[in-house]
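Reader: Hello! I am new to this structure and would love a close look at its charged side chains, along with whatever sits around them. Could you walk me through that part in one go?

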Amino acid sequence: MDIAGGCATLQELELHRCTDLALRPVSAFAHLQILRIVAASSPLYGTSEDGGVTDIGLTILAHGCKRLVKLELVGCEGSYDGIAAVGRCCAMLEELTIAEHRMDGGWLAALAFCGNLKTLRLQGCARIDDDPGPAEHLGACLTLESLQLHRCQLRDRHALHALFLVCEGARELLVQNCWGLEDDMFALAGLCRRVKLLSLEGCSLLTTRGVESVVTSWNDLQSLQVVACNKIKDEEMTGALSELFSNLKELKWRPDNKSLLAASLVGTGMGKKGRVFFKRILPGHQRVKGKVLNYPAGVAA
């Protein structure tokens, strides 16, 4: 409260070791737009069992900080009620980051109340949602543009399906160093039919076939980035992927440091729509803009 009184125009605040009670004075920051909360953890800080941030704290926050544009919740508890309160009260919220959460099942459905949300970012989450509920009750974030998943466990098919349903209108999908994203799990991303940019990094279980099955179904795809995904191989490239690559505005293809395709495309302008195109592939060769690029036997685009 003292800080709020002396910093009347403060717009950005970061709170560590936060509890429900500690959030009460935050409403005194009338112009707060960016808030990062790191919840107190009993094992880490020696707080009581009821320490940390729960639905109570999220509701206090929502009613006190109605001008928030960016909110990051780290290690918070809570459930549907807390996230719904944030969505209903913080009408200007555009960016929500949820990291290492400990929330109860069902919180995903509350994202539909975030009527102006542009970016949803999940970081370091050991689980997405233990019980997202029936698909017909989930709703959707109609204004969402970017869904970003960093260092998350993506082994729960039901939860991942629910997440993509809620975020089905996203234009950007970024997946970085997540675990459990096999081909059949990534296939669920096909629910997001408006994707224009896809970035995959460190997805070690994805194969060429798994990526192709999704990206070739997206008519609006303009940018593709594949980095450090070791099961994606140049020799498994198909004609459908070659045609897709020729129509992209941006292409970054480095599934591993042995990728011949990445090396051969340097300087060709590949990935700039309307300028460069693939011709029909001949065994052992690849043609890019009239040039023949030699591959070892058995490698084709």
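Author: Happy to! Let us begin with a patch of positive charge on the surface, where Arg171, Arg194, Lys196 and Lys249 gather. Please keep in mind that this is a predicted model. One member of the patch, Lys196, sits in the loop that runs between helix H6 (183-186) and strand E8 (197-201). Lys196 counts as partly exposed because its relative accessibility is 38%, a value between the limits of 20% and 50%.

Now for charges that meet their opposites. Side chains of opposite charge can pair when their charged atoms come close. How many salt bridges does a search of the whole structure find? The search finds five salt bridges.

One of them joins Arg36 to Glu72, with 3.2 Å between the closest N and O atoms. This pair links distant parts of the chain, since Arg36 belongs to strand E2 (residues 34-39) and Glu72 to strand E3 (residues 70-74), 36 residues apart. With a relative accessibility of 26%, Arg36 counts as partly exposed. The pair also has company: Glu14, Arg36 and Glu72 are linked in a network of salt bridges.

Another salt bridge is formed by Arg102 and Glu77, whose closest N and O atoms are 3.8 Å apart. Here, too, distant parts of the chain are linked: Arg102 is in the loop between E4 and E5, Glu77 is in the loop between E3 and helix H4 (80-89), and 25 residues separate the two. Both partners can be placed by their accessibility: Arg102 is partly exposed at 34%, and Glu77 is partly exposed at 23%.

Next comes Arg121, which forms a salt bridge with Glu95; the closest N and O atoms are 3.0 Å apart. Arg121 lies in strand E5 and Glu95 in strand E4, 26 residues apart, so this pair again links distant parts of the chain. Is Arg121 buried or exposed? Arg121 is buried, because its relative accessible area is 15%, and buried means under 20%.

Stay with strands E4 and E5 for a moment. The loop between strand E4 (95-99) and strand E5 (119-123) holds Glu100, which is partly exposed with a relative accessible area of 45%. The C-alpha atom of Glu100 is 8.8 Å from that of Cys152, although their positions lie 52 residues apart along the chain.

Cys152 brings us to the cysteines. A disulfide is a covalent bond between the sulfur atoms of two cysteines. With a cut-off of 2.5 Å between sulfur atoms, the count comes to zero disulfides. Cys178 is in no disulfide, and the nearest cysteine sulfur, that of Cys152, is 4.9 Å away. Cys178 itself is buried, with a relative accessible area of 5%. For Cys192, the closest cysteine sulfur is in Cys167, and the 6.7 Å between them is too far for a bond. Cys192 counts as buried because its relative accessibility is 1%.

Let us finish with two backbone details. Arg17, in strand E1 (residues 12-18), has a positive phi of about 55 degrees although it is not a glycine. Arg17 counts as exposed, at 51% relative accessibility. Ala228 is another residue other than glycine with a positive phi, near 55 degrees. Ala228 is placed in the loop between strand E9 (223-227) and helix H8 (239-247), and at 35% relative accessibility Ala228 counts as partly exposed.

Conventions:
Residues numbered from 1 in each chain as written. Predicted model: local features only at pLDDT ≥ 70, side-chain atom pairs only at ≥ 80, totals over all residues. Heavy atoms only, no water. Patch = residues over 30% accessible without salt bridge, like charges linked within 9 Å, V, L, I, M, F, W, Y side chains within 5 Å. Areas by Shrake-Rupley, 256 points an atom, 1.4 Å probe, with all protein chains shown as cover. Salt bridge = Lys/Arg side-chain N within 4 Å of Asp/Glu carboxyl O. Lys, Arg positive; Asp, Glu negative; His and termini not counted. Charge placed at Lys NZ, Arg CZ, Asp CG, Glu CD. Helix = DSSP H or I, 4+ residues; strand = E, 2+ residues; numbered from the N terminus. Buried < 20%, exposed > 50% of the residue type's maximum accessible area, 1.4 Å probe, protein only.
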